[in-house]
Amino acid sequence: MVNHGFGYQVATKEYFEKAVALFNNYSSPLFVVCTNDLAWSKANIPKSSKVEFVSGNSPEVDMAVMASCDHVITSVGSYGWWAGWLSNGTVTYYKWPAREGSGLRSAYSSDYMDYFYPHWIGL
């Protein structure tokens, strides 16, 4: 998403810190990070909790892992959205997934709620 020209805005380190803090209120959370960019993930995902990084799998395996989690912290894009939807647990999302004025931004409503479920938590 970082180098995609359509207008994605990458979820910030602060977003992940807020999401991890929210789930740290749950009983004994284990954070499973499925990624195709291990270096970026290790640099931006808080390590104040128990974290397992998963990389090198097929997209199908990563989706199965994420969908089987009790709750999901999504980043940006439809892949995380589907993982959140399939998990049927608490889901957080980055509230500003598209750059203002971009082609991607014009695809959403003003508050993005045509894309995210009302019970999902925007951070």
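Q: On a 1 Å grid over the protein atoms alone, a pocket is an open set of points with protein on both sides within 12 Å along at least five of seven lines. How much space lies in the largest pocket here?

A: About 1,200 Å³ of space lies in the largest pocket, a volume being the space filled by probe spheres set on the points, which are joined across faces, edges and corners. Which residues are closest to the centre of the largest pocket? They are Val33, Cys34, Met66, Ile73 and Ser75, out of 39 lining residues (those with an atom within 4 Å of a point). The model is predicted: local features need pLDDT of at least 70 and side-chain atom pairs pLDDT 80 or more, whereas totals for chains, interfaces and linings use all residues. Residues are numbered from 1 along each chain as its sequence is written, and side-chain values use heavy atoms, without hydrogens and water.

Q: Which elements give two or more residues to that lining?

A: They are α1 (13–23), β1 (30–35), α2 (38–44), α3, β3 and α4; helices (H or I, at least four residues) and strands (E, at least two) are DSSP runs numbered from the N terminus. The largest share, six residues, comes from β1.

Q: And what is the lining of the largest pocket like by class?

A: The lining of the largest pocket has 24 nonpolar, twelve polar and three charged residues.

Q: How many cavities of 30 Å³ or more are there?

A: A search of the whole structure finds one; in a cavity, a 1.4 Å probe fits but cannot get out. The largest cavity has a volume of about 50 Å³. Among the residues that line the largest cavity are Thr74, Gly80, Trp81, Tyr94 and Phe116. By class, its lining has six nonpolar, four polar and no charged residues.

Q: Changing topic: which residues of α4 are buried?

A: In helix α4, residues 78–87, the buried ones are Gly80, Trp81, Ala83, Gly84 and Ser87 (buried means under 20% relative accessible area, exposed over 50%, with a 1.4 Å probe and protein chains only).

Q: Why do they line one face of the helix?

A: Seen down the axis of α4, the buried residues fall within an arc of 160°, so they line one face. After α4 comes Asn88, with a positive phi near 60°.

Q: Finally, where is Ser68, and is it buried or exposed?

A: Ser68 stands in the loop between α3 and β3. Ser68 counts as exposed because its relative accessibility is 57%. The C-alpha atoms of Ser68 and Val54 are separated by 14 Å, and the two residues are 14 residues apart along the chain.

Technical notes: The arc is that of the directions from the helix axis to the C-beta atoms. Ala, Val, Leu, Ile, Met, Phe, Trp, Tyr, Cys and Pro count as nonpolar, Asp, Glu, Lys and Arg as charged, and the others, Gly among them, as polar.
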